[in-house]
Amino acid sequence: MDILEYAWLIPVFPLLAFVIVGFLGSKMKDKGGLVAVLGVGTGMVLALWTAYELLTTGRVVESSMEWVVLSTDFKLEMGMYLDNVAAMMLIVVSFIAFLVVVYSLGYMHDQGPRRHRYFTEICLFVGVMLGLILANNFFQMFLFWELVGLCSYLLIGFWYERPAAARAAKKAFLVTRVGDVMFMIGLFILFTELHTLNYELVWSALDTADKSLMAFAAFFLFGGAIGKSAQFPLHDWLPDAMEGPTTVSALIHAATMVNAGVYLVARSFPIIATSAEVSLFVGAIGGVTAFIAATMALCAPKIKGVLAYSTVSQLGYMILGLGAGAFLWHHGHHVEASIAFGAGLFHLMNHAFFKGQLFLGAGAVIHYVHTEELKQMGGLGKYMKVSMITMLISCLSIAGIPPLSGFWSKDEVLAVTFEAGDAGLTFMVLWVLGVLTAFMTAFYMFRMWFMVFGGKPNEGTRHATEHGGHKHEAPFTMLLPLILLAALAFGSGLSLFIGDGFFGSIYFEHAHVMSIGERLTEVFTSPLTYVSIVAAVSGIVLAYFSFYKTKVSAEKVVAKGFPKAMHQLLLDRYKFPVAYDKIGYVGVYGFSLLLDKFDRYVIDGIVNAISAFLVKSGGVVRKLQTGFVQSYTTLLLIGVSLIVILLYVVGALR
Amino acid sequence: MIPLEYVLILSSVLFAIGAAGVILRKNIIIVLMSIELMLNAANINLVAFSSHFEDGTGQAFALFSIGIAAAEVAVALAILLNLNRLRKSVDVDDINLLRW
């Protein structure tokens, strides 16, 4: 049996679970939790099997059927496109989704009948996310893209009775919608120019297509990625999205859905690479996002806030890597471009594992202390040994300490950015931003870790340990995913050394196979590697002294003057929420008001004026209706006589 | 043979008298009679042109017109009778319900 022919079953199982849980879940004792685990689990087994087959054989399989046929020129299809990138995404998404669903059994335990809705929506999400990965054309991707957006909206607003959650859900939906509209415009351009949206056909048609139109298409497609992957300037919805349950943050807003944007960039990589400007733009957006999101994470007051900014920042790294790749490709460095392409996706995979782990760990912490404020935690290390150690591994990984996974991928992204700097100086600036971001990443992650697990217990911790009755850590269903993900956060980077290595399996047209020795020599003889290691270590040391030893008081630093103003600006998220509101209220709402006024006074005015004229003139003319028949007759006679005379005068009767 | 002009002048005079009667007289019976007069003026025209152009269609038309006029008068008289019963009047100015 060839599993690749049955790969379409991968999303079917979670969707089947969605239907079963949706209709029957409320009657089940665990509100459908078990069915969800089974559905997602079956999907995972198939996905891992498919991915294994794809990666070991290196096959590329496409199958499709015509779906909407309006004319010979206008056809939409449904199908599967299975290649190495899809395989990697399948592994990441299906595995993390399965662990998160298992974790949810414990985490959502106290939510009662609401779990029914939760499990229904999470199954739907997993199904459509897997569908998105399998798509063989941009339109099908867009379809599932919108569906994951819907699930994101539903799950952010899971506690819809909280005004903040309802607001956050709306914001996420509307802000990503800006990107979706751009995605759609990109699709229109592609379709009108190339008459197809199929990946392979689009890629092969690029050589003969109009270059400037393709640049526009690439720009707008990337616009979709900006929205979905929370890139500057549409990044601000993601921190708000933390109002949803932590499992949702882990699955949707860290490990899977936000990666859809990066995946879109990977799929439109050849289109982006046709234009140097758009490639540069992609890289610049990625680098700038990585930097500013990291600065905001420095002083975020909530544990999930830190992680959310960190996610935005790391997504920026991935986009930076892909942008650098497209730029290198455009300038003819095809092998380097292929490595850069792999580097972006390598970071996507590693990030999904360690960030998923961090979110689930944060979930365990929040589950324990019932607060998200970092200031109220502290000293939890004594009570939550497993969470502490697993989160330490992930923190070290994201900070980029060798040999943990984050080190390999972040280093590779920075290296390719540096290489792209040879072709365009802007990438040099972006590389500097990237290194600074690496430093800040190490600092804020350890600030969080020390504030949660180190130091003396603050009121939240005391409350939980004295009155909460929680003498134990989270249940087993929650700890197992933590440990498994921590193992991957430690080791997923070592996929560099398995078989052909990561860059030998996940690449764009040019596989880059390197032996273990060569790889190690290359990494550890490059001065760039030591720059990023020094940045990471100094970040950790700084965090150690200011938040554990408290030799440097962070509060004193930001007490007055410029640091204080800067601190406030960061807490205000660079005023982005205010700007969104301004754009929303003043821009969009103001424009709508203007149109409303136009409608009310000009359009309605014309209609009303016509009717008012008729009513008024009718009031005057009706006086002619006297009711005296003889006056009518007289008028009739005069009228007819006048007509006859007139006709005679103009000569019609002669 | 009587020249066409003479007949046309007769019909015009008849029509003018009828029109004056319709406009000026207040008694509804006389108004009705005046209308008949105008109708007959038109009929004379039809017959006159028919003989002038030696085409029988005009005469046939006139016959139809006379027949229809008879039916119409019957209807009109019935309405008048009812009106007189209800209003106790034959003055056209009393019949002015249909107005603004």
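Where in chain A does A:His195 lie? A:His195 sits in the loop between helix H6 (163–194) and helix H7 (199–205) of chain A, and the views below start there. Residues are numbered from 1 along each chain as its sequence is written, chains are lettered from A, and ligands are numbered from 1 in the order in which they are written. This is a predicted model, in which local features need pLDDT of at least 70, side-chain atom pairs count only at pLDDT 80 or more, and totals for chains, interfaces and linings use all residues.

**View 1. The loop residue A:His195 of chain A has a positive phi.** Its phi is near 60°, and this residue is not a glycine. For background, most residues other than glycine have a negative phi. Helices here are DSSP runs of H or I with at least four residues, strands are runs of E with at least two, and both are numbered from the N terminus.

**View 2. Two cis peptide bonds can be found in loops of chain A.** One joins A:Phe232 and A:Pro233, with omega about 5°. A:Pro233 is placed in the loop between helix H8 (211–228) and helix H9 (237–240) of chain A. Another joins A:Pro402 and A:Pro403, again with omega about 5°. Look for A:Pro403 in the loop between helix H16 (385–399) and helix H17 (405–423) of chain A. As a reminder, most peptide bonds are trans.

**View 3. Helix H2 (residues 33–57) of chain A has the span expected of it.** Its 25 residues should cover 36 Å at 1.5 Å a residue, and the end C-alpha atoms are 36 Å apart, so the two agree. The expected span is 1.5 Å times one less than the number of residues. Just after H2(A) comes A:Gly58, which has a positive phi near 70°.

**View 4. Strands E1 (residues 61–69) and E2 (residues 75–82) of chain A pair in the antiparallel sense.** Eight bridges link these strands; two strands count as paired if DSSP finds at least two bridges between them. E1(A) and E2(A) make a hairpin, with five residues between them. To find your way across the pairing, note that A:Val68 stands opposite A:Leu76 in E2(A), while A:Glu66 faces A:Glu77 in E2(A).

**View 5. Chain B is built from three helices and zero strands.** Along the sequence its pattern reads α-α-α. The radius of gyration of chain B is 17 Å, well over the 13 Å that the globule rule gives for 100 residues, so chain B is more spread out than a compact globule. That radius is taken over C-alpha atoms, and the globule rule is 2.2 Å times the number of residues to the power 0.38. The C-alpha trace of chain B spans about 50 × 25 × 25 Å along its principal axes. Chain B averages a pLDDT of 90, and 99% of its residues score at least 70; pLDDT is the predictor's confidence in each residue, from 0 to 100.

**View 6. Chain B meets chain A through ten of its residues.** These are in contact with eleven residues of chain A, where contact means that C-beta atoms, placed from the backbone, lie within 7 Å. The model scores ipTM 0.85 and pTM 0.79.

Terms used:
Two residues are in contact if their C-beta atoms, placed from the backbone, lie within 7 Å.
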